[in-house]
Amino acid sequence: MLGKLTWQAIPFDQPIPLIAGSVVILVVLAVIAWIIVKGHLPYLWHEWITSVDHKRIGVMYILLGLVMLLRGFIDAIMMRSQQALAFHAAGYLPPEHYDQVFSAHGTIMIFFAAMPLMIGLMNFAVPLQLGVRDVAFPTLNSTSFWLTATGALLINISLVVGEFARTGWLPYPPLSELRYSPGVGVDYYLWALQISGVGTLLTGINFVTTILKIRAPGMSYLRMPMFCWTALAANLLIIAAFPVLTATLAMLILDRYAGFHFFTNSAGGNMMMFINLIWAWGHPEVYILVLPAFGVFSEVISTFSGKPLFGYRSMVVATLFICLVSFTVWLHHFFTMGAGGNVNAVFGIATSIIAVGTGVKIYNWLFTMYGGRIRFTTPMLWSVGFLVTFVIGGMTGVLLAVPPADFQLHNSLFLVAHFHNVIIGGVLFAAFAGITYWFPKAFGFRLHEGWGKAAFWFTIAGFYITFVPLYAAGLLGMTRRLQHYDVAAWRPWVLMAGIGIVVFICATGCQVMQFVVSIRRRERLRDLTGDPWDGRSLEWATPSPPPAFNFAVLPNVQGEEPYWQIKRRAIESQQLSAEPEYQPIEIPRNSPIGFITAFFATVTGFALIWHIWWLVGVGIAAAYAVFVWFAWRDIEEYEIPAEEVARVDRARRRARENWLAAHAQDGEAA
């Protein structure tokens, strides 16, 4: 009746996962009970869970990413503390649990922390920057988010029901084949990523369509903000790369479930084919994460330098160059496979060449700052910290692109330090910069600068204290994923990395306090104008937070920085443009389709993991029924009356008139 699911799936004999899982379950139940008792459930259902508004979906993506970032960070604390205690000792994590911890850490951080954070920022900002009212397919956007949340939920269920994979964040055969991983850990991995991968692919289709087909009047490609260009490149990579991931994992599923032998060497398969395919997806995935991060830094550096982005067209070319070349470098992940000197040389050269595109961007950001009136706000600090940190990570990456060097450093902690150098210094710093930058636009009040700067300094100190020692340990020969070790020369570096994790914990506390203090002091931090940073792109032309329809009248774009030009004209003439003629606006209705789809995907995924075949049938049948119902519904949109549009926009205009008057008085005083 319940397939492989028995009481033995609950880890009663392992206190750490049992206690951790129990605490998480109690916290979730307490939050749900509080929501119900306080009467917030109808509001959450109607305004958030069923919302198809790109801004709210973006906020939910970011919230999911932050929660999973904390979850993955707990795994990192466990790994570093285990190694600090495991010199000539067993430590406190048994090998099978330690293997699950590092596998879960990588999987969660890449797929369910970094990806949702970047997709969330794209969801929130791109339609506003394009001057449009929503993405191309709003309901599909909601479905994409909830499918991603399904994958995250399945991985967290593995904490208390069954086990997670012990294969690393990429499940290389033969270790992931049924013979060597007979439990459900690899199955949790496969179905969580298959379901969330479908959501990510739908996101890619949605944003490519939006950016190519839906833009404000007059916004040509070379008038789009740089964040829109990097979002376009990242989503083109999603469309090209994620089907490769889906097909690769599908073949491994067939190996495990149906006795196929795609990757079974002893039965005519080839396990190296899996590694080839997974990295044909995996290296573009790095740029799927980093390209939107580059876009965030472009917006932040331009705004807080008070200048247009230097070399805009060269930045566009560099972005598309990285997008294309990222598909020609995957083999550098396994130079030691034995492909031969010629093949290794080609991929080593390609890997070195792709650094040219990033170099162009680094110089353009530096030239943007040069001669500018730089304001070192929290987003700008994250950006400057990125410039230093990412250059170091990039140089170590070019070193690893040299096959002879890679032969020595392959599978060492040097590689781990390089990867974290790039992902933390690039993606995580960009996420914090973007969240701080666009937070007042989303919620109507700024985040606290003091706590934000404290979080930055603790984070950058924690990063260097943690990962620079890992470079040294890697050069001394320390390999990845060691549950214990006996080499005395490695111990000082491992202990120093453990101290760095303590500093990271302080940084996390500051991040939490930043949100808590900001919410408590939100009236003092209120953004009244919609433009708290003296911004340059169209999102700052809307109120904070923007209305459901974003723009009362779609802007007519006439230059590369349309909002900056509008603002300069208003300051010079000391008056706003004439009030437009307001029209009713149609926007899509909220829909529960995404949430319902995710519910049945969760049920079906869990049933597939545990071989509960009747429940698989029920889940698929119910999902099909919902699909038919959705396809035949006739309620598409609702109309916001012109009077309501006028009321919202006139309030925005009054705030801008007050700002204009204050700006004129400041100019006279000066």
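Helix α3 runs from residue 54 to residue 85, a stretch of 32 residues. From its first C-alpha to its last it reaches 46 Å, close to the 46 Å expected at 1.5 Å a residue. Most of α3 is covered, with 23 of its 32 residues buried. Keep in mind as you look around that this is a predicted model.

**Helix α18**

Another helix to find is α18, which takes in residues 613–632. Its 20 residues should span 28 Å at 1.5 Å a residue, and its end C-alpha atoms are 29 Å apart, which agrees. Which residues of α18 are buried? They are L615, V616, G619, A622 and V626. Seen down the axis of α18, the buried residues fall within an arc of 135°, so they line one face of the helix. It helps to recall that an α-helix has 3.6 residues a turn, so residues three or four places apart point the same way. The cover over the buried residues of α18 includes α17, residues 593–610. Now turn to the face of α18 that points away from its buried side: here you will find the exposed residues I620, Y624, F627 and W632.

**A nonpolar patch on the surface**

Next, have a look at helix α1, residues 15–37. This helix gives the largest share of a nonpolar patch, six residues. The patch covers about 600 Å² of the surface and is made by V24, I25, V28, L29, I32, I36 and L41. One of these residues, V28, has its place in helix α1. V28 is partly exposed, and its relative accessible area is 42%.

**Salt bridges**

Side chains of opposite charge can pair when their charged atoms come close. How many salt bridges does the structure hold? There are 13. Here are three pairs to look up:

| Pair | Closest N to O |
|---|---|
| R56 and E47 | 2.8 Å |
| E449 and K453 | 3.9 Å |
| K567 and D531 | 2.8 Å |

Start with R56 and E47, which form a salt bridge. R56 counts as partly exposed at 24% relative accessibility, and E47 is partly exposed too, with a relative accessible area of 33%.

E449 and K453 sit in one helix, α14, which spans residues 449–475. They are four residues apart, about one turn of the helix. Are these two side chains buried or partly exposed? E449 is partly exposed, with a relative accessible area of 22%, and K453 is partly exposed at 30%.

The side chains of K567 and D531 also meet in a salt bridge. This pair links distant parts of the chain, 36 residues apart. K567 belongs to helix α16, residues 562–573, while D531 lies in the loop between α15 (491–520) and α16. Why does K567 count as buried? Buried means under 20% relative accessible area, and K567 has a relative accessibility of 4%. D531, at 11% relative accessibility, counts as buried as well. There is one more partner to find here: D531, D534 and K567 are linked in a network of salt bridges.

Key: Residues are numbered from 1 along each chain as its sequence is written. This is a predicted model: local features need pLDDT of at least 70, side-chain atom pairs count only at pLDDT 80 or more; totals for chains, interfaces and linings use all residues. Side-chain values use heavy atoms; hydrogens and water are left out. Helices (H or I, at least four residues) and strands (E, at least two) are DSSP runs, numbered from the N terminus. The expected span of a helix is 1.5 Å times one less than its number of residues. Buried means under 20% relative accessible area, exposed over 50%, partly exposed in between (1.4 Å probe, protein chains only). The arc is that of the directions from the helix axis to the C-beta atoms. Contact means heavy atoms within 4.5 Å. Patches are made of residues with over 30% relative accessible area and no salt bridge: like charges are joined within 9 Å, nonpolar side chains (Val, Leu, Ile, Met, Phe, Trp, Tyr) within 5 Å. Accessible areas come from the Shrake-Rupley method with a 1.4 Å probe; for residues, only the protein chains shown count as cover. A salt bridge is a side-chain nitrogen of Lys or Arg within 4 Å of a carboxyl oxygen of Asp or Glu.
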